[in-house]
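Here are some short exercises to work through with the model open beside you. Try each task before reading its solution.

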Amino acid sequence: MSDHPVVEWTSSASWAMVEDKFSPYAKETLARLIKFMEDDILPAIKVAHAQLPDDPNTRWKTVIPIIEELKVKAKKLGLWNLFLSKAHYPEFGVPLTNLEYAVMAEILGRGGHFAPQAVNCSAPDTGNMEVLARYANREQQQKWLIPLLNGEIRSAFAMTEKHVASSDATNIRTSLRREGDEIVINGHKWWISGAGDPRCKVHLVLGKSDPGNKSAYHQQSIVLVPADTPGVKIIRPMKVFGYDDAPEGHCEIIYDNVRVPVSNLVLGWGKGFEIIQGRLGPGRIHHCMRSIGAAQNALDTMLQRVTDPAKKTFGKFLYEHGTVIADIAKSRAEIEGARLLVLSAALQIDKVKAKGALKEIGIAKFVVPSMALEVIDRAMQSFGAEGLSQDQELASAWAGLRTLRIADGPDAVHIQQVGLKELKRAPALVQKNLEIKKKQALLMEKAGVKAHL
């Protein structure tokens, strides 16, 4: 059995499957990350919540001091931008594979949305950094990517729109119109994560630049919009089951005759759909990685609750009642299965990039969040009313995970895509079965066995 500290955070079986695929650098980085979580991040979470004011006049202007302190420590420890693989981004990345980062992201998932921020691995910045690293020109990278990589600014990705079904990106109505050396943007977006943060300095805006194009997938473009550009109007932060996720938030935004230079166009006209496909693949799997950690954390919390002598009822530990032991076993099994899905998808991304791993990513995307929701729900039940309150992290974790069944493509879309991919296997299966039956018929004839139809 491995003596790496990760076995106490995940499982010895899953680690045994991937340990030989980890470089010495990755193993050492993972050990450092675990120690950083134990010594610094997890003890700081309640402080971070306390440092975020309830007063709306200051709440959305606050940069949480202890998170900034953690970022300084993380940089010194070399725990920074862990998501950005050098194999895919040689100039900007770190020497970690997606598989190696998958295990690290699970660890970070135990720290809610604060832990990824501490090591500059939080959405939507991760996806935006990948877009800029892959598609932006040198000038755009210098202006926006470098400050993001340094953790000096934050960003938003503006795709979802209020008045259309945005799960189909071809429905996007926001207008990108060229006028001379400028692009004029008009549109109404919402659920734009990160836009409420006082450090948010740039929006990556997806809009329609060529609505008459015969190809529905070449009508969209992406443009970089500085957050302080005249006409960028943040209407309100949206709430998820009452949570506002300040100070980043998920904002409703109107772009009212916003003007930016043509040089702010990313990659070229009509390249928007290509860019979002490249962006969403890794982002989807990052969410799944962290969701495994959130589920594991909920199970660990439940185990402590049901074995607490102070919480006995009718003279028995909670685990001695009803189906509690069965619930624990189900959660353990579901986490193990989901983790293997995520590790498999991460390995495929390393081998064939995100585009070649769409099936594996899609399966993980609709399986993992639902699994994590079930696990957290069982944990909440073991706590009774306390499990639904602000005194435990379970309710907020559940609310955040519930959004993942919609964000980055709803479950139904991924299920449909995976099902259609499976159906494409049918002709080859039929042909293979016919060949086997032919061989079977020859053997039966040779053996003098009569076929029964």
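**Exercise 1: A salt bridge**

In this predicted model, the side chains of glutamate 252 and lysine 162 form a salt bridge, with N to O at 3.3 Å. Work out which parts of the chain this pair ties together.

Solution. Start with glutamate 252, which lies in strand S7 (residues 250-261). Next, find lysine 162 in the loop between strand S1 (154-158) and strand S2 (175-179). The pair therefore ties together parts that are 90 residues apart in sequence. To place this bridge in context, a search of the whole structure finds 30 salt bridges.

**Exercise 2: An annotated domain**

Describe the secondary structure of the stretch at residues 156-258.

Solution. Begin with the record: UniProt, in an unreviewed entry, places "domain: Acyl-CoA oxidase/dehydrogenase middle" at residues 156-258. Now turn to the model, where this stretch is 50% strand and 0% helix. Finally, check its ends, whose C-alpha atoms are 16 Å apart.

**Exercise 3: Two helices**

Determine how helices H2 and H4 are oriented to each other, and which residues meet between them.

Solution. First, take the geometry: H2 (residues 24-50) and H4 (residues 65-76) pack at about 165 degrees, their axes 10 Å apart. Angles over 145 degrees count as roughly antiparallel, so H2 and H4 are roughly antiparallel to each other. The crossing of H2 past H4 is left-handed. Then list the contacts: from H2 come Phe36, Asp40, Ile41, Ala44, Val47 and Ala48, while H4 supplies Ile66, Ile67, Leu70, Lys73 and Ala74. Sorted by class, this contact has 9 nonpolar and 2 charged residues, with no polar ones.

Conventions. Residues are numbered from 1 along each chain as its sequence is written. This is a predicted model: local features need pLDDT of at least 70, side-chain atom pairs count only at pLDDT 80 or more; totals for chains, interfaces and linings use all residues. Side-chain values use heavy atoms; hydrogens and water are left out. Axes are lines fitted to C-alpha atoms, for helices over the stretch in contact, and angles run from 0 to 180 degrees between N-to-C directions. Helices (H or I, at least four residues) and strands (E, at least two) are DSSP runs, numbered from the N terminus. Angles under 35 degrees count as roughly parallel, over 145 as roughly antiparallel, 65 to 115 as roughly perpendicular and the rest as oblique. A crossing is left-handed if the near helix is turned anticlockwise from the far one by less than a right angle, and right-handed if clockwise. Contact means heavy atoms within 4.5 Å. Ala, Val, Leu, Ile, Met, Phe, Trp, Tyr, Cys and Pro count as nonpolar, Asp, Glu, Lys and Arg as charged, and the others, Gly among them, as polar. UniProt positions are given in the numbering used here, feature names are shortened, and annotations may be inferred rather than shown by experiment. A salt bridge is a side-chain nitrogen of Lys or Arg within 4 Å of a carboxyl oxygen of Asp or Glu.
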